[in-house]
Amino acid sequence: SLSDDTMQQIHINLTERLLAEGEIQVKGEWTRVCELLLGARGPLLEVNQRAWLEQLGRQPLRLYDVTEVVEGSGITLCDALDTELPPVVVVERTGSLSMRVGMQIGTRIMAVGGEHQLSGAMYAFSGWAGRALLERVRSLGIAAGKLDEDDKMMFGLTIVEDWLAQFLRPAPLPQII
């Protein structure tokens, strides 16, 4: 019962996750998909394609607050977990048309030609769902500051799970005070 647009976004997001963090079993050993693609037996890639995949494999999926939108041009993002980090201005022509200040999005920020761009996958959260996600992340012991690899992986997985839950299960009733 999901719309075609939602199904397309799910496909884009999960494909990127497979490329960035996915592992598959090859001859009995688990190997990251991006390592296979970049390895000697991977497909012939152009220099910019190779650089993108290398960066995609290094950039963690993070949750950001949208703090400024210039429609048709770009957005300014602030890390929602580590609020001490400086804001990042991202060139985003198409996505900026539907984004609003106050939204929270899960994404990877990529450096390209001296600018910042979104990686392609975007996990949009309502204000309530974004706050619930941050509470869940903190309950897992993930805190602001330099995250180790396990924390990065768990944070990214939590973003994906909570984003999918918005479509696949009824929203919980808010607590009325």
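At 3% relative accessibility, W163 is buried in this predicted model, so that is a handy place to start. W163 sits in helix 5, which covers residues 149-168. A search through the whole structure turns up two aromatic pairs, and W163 has a part in both, as the next few sentences show.

One partner is Y123: the two rings meet edge-to-face, 5.0 Å centre to centre, with 85° between the planes. This pair links distant parts of the chain, since Y123 belongs to strand 9 (residues 123-125) and lies 40 residues away from W163. Y123 is buried too, at 0% relative accessibility.

The other partner is F167. Here the ring centres are 5.1 Å apart and the planes stand at 80°, so this pair also counts as edge-to-face. Both residues are in helix 5, and because they are four residues apart, about one helical turn separates them. F167 is partly exposed, with a relative accessible area of 32%. Put the three together and you get one aromatic cluster of Y123, W163 and F167.

Here are the two pairs side by side.

| Pair | Centre to centre | Angle between planes | Geometry |
|---|---|---|---|
| Y123 and W163 | 5.0 Å | 85° | edge-to-face |
| W163 and F167 | 5.1 Å | 80° | edge-to-face |

**The nonpolar cores**

Y123 shows up again once you look at the packing. The largest nonpolar core has 19 residues, and Y123 is among those with the most contacts inside it, along with L63, F125, F155 and I159. Strand 9, helix 4 (127-139) and helix 5 are the elements that give two or more residues to this core. Helix 5 gives the most, with five residues. Apart from this core lies another one, of 12 residues, including V66, L77, M103 and I105. As a general point, nonpolar side chains in soluble globular proteins tend to be buried together.

**The strands**

Now for the sheet. Strand 3 pairs with strand 4 in the antiparallel sense, and six bridges join them. V69, for instance, stands opposite I75 in strand 4. The two strands form a hairpin with three residues between them, and G72 in the turn has a positive phi of about 80°.

Strand 3 also has a partner in strand 6 (residues 104-107), again antiparallel, over four bridges. In that pairing, D65 has Q104 of strand 6 as its bridge partner.

Strand 4, in turn, pairs with strand 5 in the antiparallel sense over four bridges. One bridge to follow by eye is the one from L77 to V88 in strand 5. Which residues of strand 5 are on its covered face, and which are on the uncovered one? V88 and V90 are on the covered face, while V89 and V91 are on the uncovered one. That fits a general pattern: in a regular strand the side chains alternate between the two faces of the sheet.

**The largest pocket**

The largest pocket has a volume of about 320 Å³. It is lined by 17 residues, and the closest to its centre are P60, R62, Y64, D79 and L85. Two elements give two or more residues to the lining, namely strand 3 (62-70) and strand 4 (74-79). The largest share, three residues, comes from strand 4. What kinds of residues make up the lining of the largest pocket? They divide into nine nonpolar, three polar and five charged.

**Two spots nearer the start of the chain's numbering**K27 is in the loop between strand 1 (23-26) and strand 2 (29-32). Phi of K27 is near 50°, a positive value in a residue other than glycine. For context, most residues other than glycine have a negative phi. Is K27 buried or exposed? K27 counts as exposed because its relative accessibility is 79%, and the cut-off for exposed is over 50%.

E35 is in helix 2 (residues 33-38). At 47% relative accessibility, E35 counts as partly exposed. E35 and L53 are 18 residues apart in sequence, and their C-alpha atoms are 9.1 Å apart in space.

Conventions
Residues are numbered from 1 along each chain as its sequence is written. This is a predicted model: local features need pLDDT of at least 70, side-chain atom pairs count only at pLDDT 80 or more; totals for chains, interfaces and linings use all residues. Side-chain values use heavy atoms; hydrogens and water are left out. Rings of Phe, Tyr and Trp (its six-membered ring) pair if their centres lie within 6.5 Å; planes under 30 degrees apart count as stacked, over 60 as edge-to-face and the rest as tilted. Buried means under 20% relative accessible area, exposed over 50%, partly exposed in between (1.4 Å probe, protein chains only). On a 1 Å grid over the protein atoms alone, a cavity is a set of points where a 1.4 Å probe fits but cannot get out, and a pocket is an open set with protein on both sides within 12 Å along at least five of seven lines; lining residues have an atom within 4 Å of a point. Grid points are joined across faces, edges and corners, and a volume is the space filled by probe spheres set on the points. Ala, Val, Leu, Ile, Met, Phe, Trp, Tyr, Cys and Pro count as nonpolar, Asp, Glu, Lys and Arg as charged, and the others, Gly among them, as polar. Two strands pair if DSSP finds at least two bridges between them. A nonpolar core is a set of buried Ala, Val, Leu, Ile, Met, Phe, Trp, Tyr and Cys residues joined through side-chain atoms within 4.5 Å.
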